[in-house]
Amino acid sequence: MLGWTQSDFGEVACDVCQADLLIKKNQLAPGCPPMDIQMDPLGDVRHFLEHPPSLNLPPAEKDALLEAADKMRQLVLDSGHPLSRPQLEIARRAGVLHPERVRYVCMSPTEFQRIFPPKLEELMGLPASTFLGLTLGPDAIIFVGEGSVDSDVLAHELRHVRQAEAAHDSGSNFVNAVLAELQRSGYERSAFEVDAYAYQDDPRMIDGLPATFELPSVSRL
Ligand SMILES: [Zn+2]
C-alpha cells in the first residue's frame, strides 16, 4: 500500500495553508501504539524561514546553488517513490502536513557525490561522503546508502520536510534559509539541524515501526 486514503484518516484543514489534509492530527494509524508527540511550532526554524540571515555569497554563485538544488529536487520528483504506510506514519509523527506529496530516491554514495555540487559541500562544511540524506523542499528527499535507510534517519529528513512546508514555496526559500543558517551557525548549531535531530533522537518517532526500511535504489539519475 503506497498511501493513506481519505477514508482511513478523515479530513482536516492544514493549519498553515488551509488546504484539506488526509491525515487527522494526533490520530494514529491502525495498529500503531499510542503516542503523544506534540507538533512542534517550529520555533527558531520558523523565525529563520521568515527572516533568513543573508547568504554571504556572490549573487551568481547563490543563484547557481539554488538552481542546482532545484534541479536535484526535480530529479527526485520525476523518478522518486511515494512513502509507504509505515513511512507515512513517521511523517505524521514528524508533523508533516502533506506526506502524500513526498517523493524520495535512494542513491549510492558514489552517485550522490557525483551530483552534489562542490560549492554546496564547501558551504555546508561537510563532505558529500558523510551525507545519509538530503531534503530539497517540502516534497523531495534523497537518501544515500546501499538500498536501505534507518528509520531515525527517515525521521530526521521528514522533519526537514516539515520545516520546508513552513517556507511556503517549492523549496528555494527553504534551501536559502538552511544554507544561510548553516553559514552563520555551522551544521551542529543550525536551528534546522537542532530541530531535526530532536526528532531523530526521540524514540517515540519510530516506536512500533521497523528500525530499517529497504528502499528501491536508482542506478543513475
Ligand atoms: Zn539534517
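Visitor: Let's start with strand β5, residues 133-137: how many of its residues are buried?

Guide: Five of its five, so to read this one, count neighbours: 20 or more other C-beta atoms within 10 Å make a residue buried. Bear in mind that we're looking at a predicted model.

Visitor: Good to know. Which strand does β5 run antiparallel to, and how many bridges join the two?

Guide: The partner is β6, and four bridges hold the antiparallel pair together. To read the register, go bridge by bridge: Thr135 is matched with Ile141 in β6, and Gly137 with Ala140. The two strands make a hairpin, with two residues between them.

Visitor: And what is the strand order of the sheet they sit in?

Guide: Read across, it goes β3-β4-β6-β5, an open sheet of four strands with mixed pairing. To find the edges, look for strands that pair on one side only: here those are β3 (81-82) and β5.

Visitor: Which helix packs on that sheet, and which strands does it touch?

Guide: That's α7, which touches β5 and β6. The direction of α7 makes about 15° with that of β5.

Visitor: How do I read a helix against another helix?

Guide: In general, you describe two packed helices by the angle between their axes and the distance between the axes. In this model, try α4 (residues 85-93) against α7: the angle is about 50° and the axes are 9 Å apart.

Visitor: Why are α4 and α7 called oblique to each other?

Guide: Because their angle of about 50° is neither under 35 degrees nor in the 65 to 115 range, the pair counts as oblique. As for handedness, α4 passes α7 in a right-handed crossing.

Visitor: Which residues meet where α4 and α7 pack?

Guide: From α4, look at Gln87, Ile90 and Ala91; facing them in α7 are Ser151, Leu154, Ala155 and Leu158.

Visitor: Moving along from α7, what is unusual to look for in a loop's backbone angles?

Guide: Start from the general rule: most residues other than glycine have a negative phi. Now find His168, in the loop between α7 and α8. The phi of His168 is near 55°, a positive value in a residue that isn't glycine.

Visitor: Is His168 buried, exposed or partly exposed, and why?

Guide: Partly exposed, because 13 other C-beta atoms lie within 10 Å of its own; exposed would need 12 or fewer.

Visitor: What about helix α9: how many of its residues are buried?

Guide: Seven of the ten in residues 191-200, so α9 is mostly covered. The buried ones are Ala191, Phe192, Glu193, Asp195, Ala196, Tyr199 and Gln200.

Visitor: Which helices do those buried residues pack against?

Guide: Three of them: α2 (43-50), α7 (151-165) and α8 (172-185).

Visitor: Zooming out, how many helices and strands are there, and what share of the protein is buried?

Guide: Nine helices and eight strands, with 37% of the 221 residues counting as buried. For contacts with a separation of 6 or more, 76% come from residues 24 or more positions apart.

Visitor: And which elements have the lowest and highest mean pLDDT?

Guide: Helix α1 (residues 6-9) is lowest, with a mean of 34, while strand β6 (residues 140-144) is highest at 96. The pLDDT is below 50 over residues 1-39, a stretch that has 52 contacts in the model beyond near neighbours in sequence. For the whole protein, the average is 80, and 80% of the residues score at least 70.

Technical notes:
Residues are numbered from 1 along each chain as its sequence is written. This is a predicted model: local features need pLDDT of at least 70, side-chain atom pairs count only at pLDDT 80 or more; totals for chains, interfaces and linings use all residues. Two residues are in contact if their C-beta atoms, placed from the backbone, lie within 7 Å. pLDDT is the predictor's confidence in each residue, from 0 to 100. Two strands pair if DSSP finds at least two bridges between them. Axes are lines fitted to C-alpha atoms, for helices over the stretch in contact, and angles run from 0 to 180 degrees between N-to-C directions. Angles under 35 degrees count as roughly parallel, over 145 as roughly antiparallel, 65 to 115 as roughly perpendicular and the rest as oblique. A crossing is left-handed if the near helix is turned anticlockwise from the far one by less than a right angle, and right-handed if clockwise.
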